[in-house]
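Work through the exercises below with the sequence and the coordinates at hand, and try each task before reading its solution.

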Amino acid sequence: MNEAGPLKEFLIPNPFHVPEVVYMSWIVMALIIVFFIIVRLTLKTLPRGAQNVTEFFLEWIIKRSEEYMGKNGPRFLPLFALLFLFVFISNLLGLIPGFKSPTSNINVTLGLGLIIFFSTHYFGIKAKGFFGYFKHFAGPPYWLAPLLFPIHIIGELIRPLSLAFRLFGNILAKEILLGILATLLVTFAFTDMPWIVQKMLEAGSLILRPLIMVLGGLVCFIQALVFTMLAMVYVAGAVSTSEEH
Amino acid sequence: MLNFEPYILLVTIITFLIGMVLIWNVFLKRFLRVLEDRAAGVKDNIESAEKNKTEAESLRLEYQKHLDEIDKKVQRAIKDATKEGIELKNEIILKARQEAKNVLDKTYEKIDLEKEKMLKELKTEVVNMSVTIAEKIIKENLSHKVNDRMVDEVLAEIERGGK
């Protein structure tokens, strides 16, 4: 997984010896903020270049939010926009040799899951009131409340875990696969075996690695999309009123 | 691989929340304002274009009305001018005919006068010729008295013949 090894300290200095995953998540956040600052400085009424891409992305988030949450959707733009970007760039970061996806660490994905968990209930309580919000955990039918309430509570508690493990598992699998292919390439190069077999195995690893990287890029996007869409669905379920349903 | 590290979890949450606040304040607020401004601008432009279109349409109708009025005036003027021309033509023809009639009358008068004059001259000439002839025929033995009577008779005869 940690492919670059000795070069890493030189290329990505970490003077305060912050844990790698935290350091990587800071890099991701810094990249996002710097990008937004650059776009902010060149913000024009008639969009061009990076502003076009940013507008396309943010409008997509706004539209999806509106689709799930109605007119309240755009209020959650900062949450969902940052969530998607953070997860997507974190996922992609692992494709660069020497870097590691923060999302390949369960603590990061669980942190993100918990943000969604608390946001969901915070906005739900804010929209419907404490009792109004928790009422829907008990029914209908309300005579089944003793059974439904614990089931719903367990379901709610499982959500951040399912979000976290899905993302973590996919990204970790991608990183492990890339790591294995890189290791195999080196291993085959120094293994004592017939020349032709050695070259074939090396070639196999060499061809497979870029293909797995492309596939990894796709996985990065899909996982970010799934994570954000599920977060939207959870928040929408909490804040939407019966009329909006 | 699955080590639970509350420190990393907490830092992730704090990093995310700080990032969200920063992005909201640094970029998204301004970005949404730009989007709203643009939407308002587009709406204004569309409204302005529609207003201009309506104004242009009303102006076109007004000009069309003016053109119709001008066309009517032109048609009326042409009609009047044609009528006036015809009247003038008739007047000129009438006047020309009148003048021609006058000229003709004067010519007839002149002809009559000339005719009379000619007749008188003819009479005198005839008389003179008659006298000359008579003088030649008779030459002698005719008294002065007889001569005068003969002259008068000849004249009377000529006058009868002239009428």
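**Exercise 1: the interface**

Task: describe the surface that chain A and chain B share, beginning with its area.

Solution. Chain A and chain B bury about 3,000 Å² between them, with 83% of it on carbon and sulfur atoms; buried area is the accessible area (1.4 Å probe) that two parts lose on being put together, summed over both. This is a predicted model, in which local features need pLDDT of at least 70 and side-chain atom pairs count only at pLDDT 80 or more, whereas totals for chains, interfaces and linings use all residues. Residues are numbered from 1 along each chain as its sequence is written, chains are lettered from A and ligands numbered from 1 in the order in which they are written, and side-chain values use heavy atoms, with hydrogens and water left out.

Next, count the residues: 40 from chain A and 27 from chain B take part in the contact, which is defined as heavy atoms within 4.5 Å.

**Exercise 2: charged pairs**

Task: which residues form a salt bridge with each other across the interface?

Solution. The rule (a side-chain nitrogen of Lys or Arg within 4 Å of a carboxyl oxygen of Asp or Glu) finds one salt bridge between chain A and chain B. Its partners are Arg38(B) and Glu55(A), whose closest N and O atoms are 2.5 Å apart.

Over all chains the structure holds eight salt bridges, and one of them joins Glu67(A) to Arg64(A) at 2.8 Å, N to O. Both Glu67(A) and Arg64(A) belong to helix H3 of chain A, where they stand three residues apart, about one turn of the helix; helices (H or I, at least four residues) and strands (E, at least two) are DSSP runs, numbered from the N terminus.
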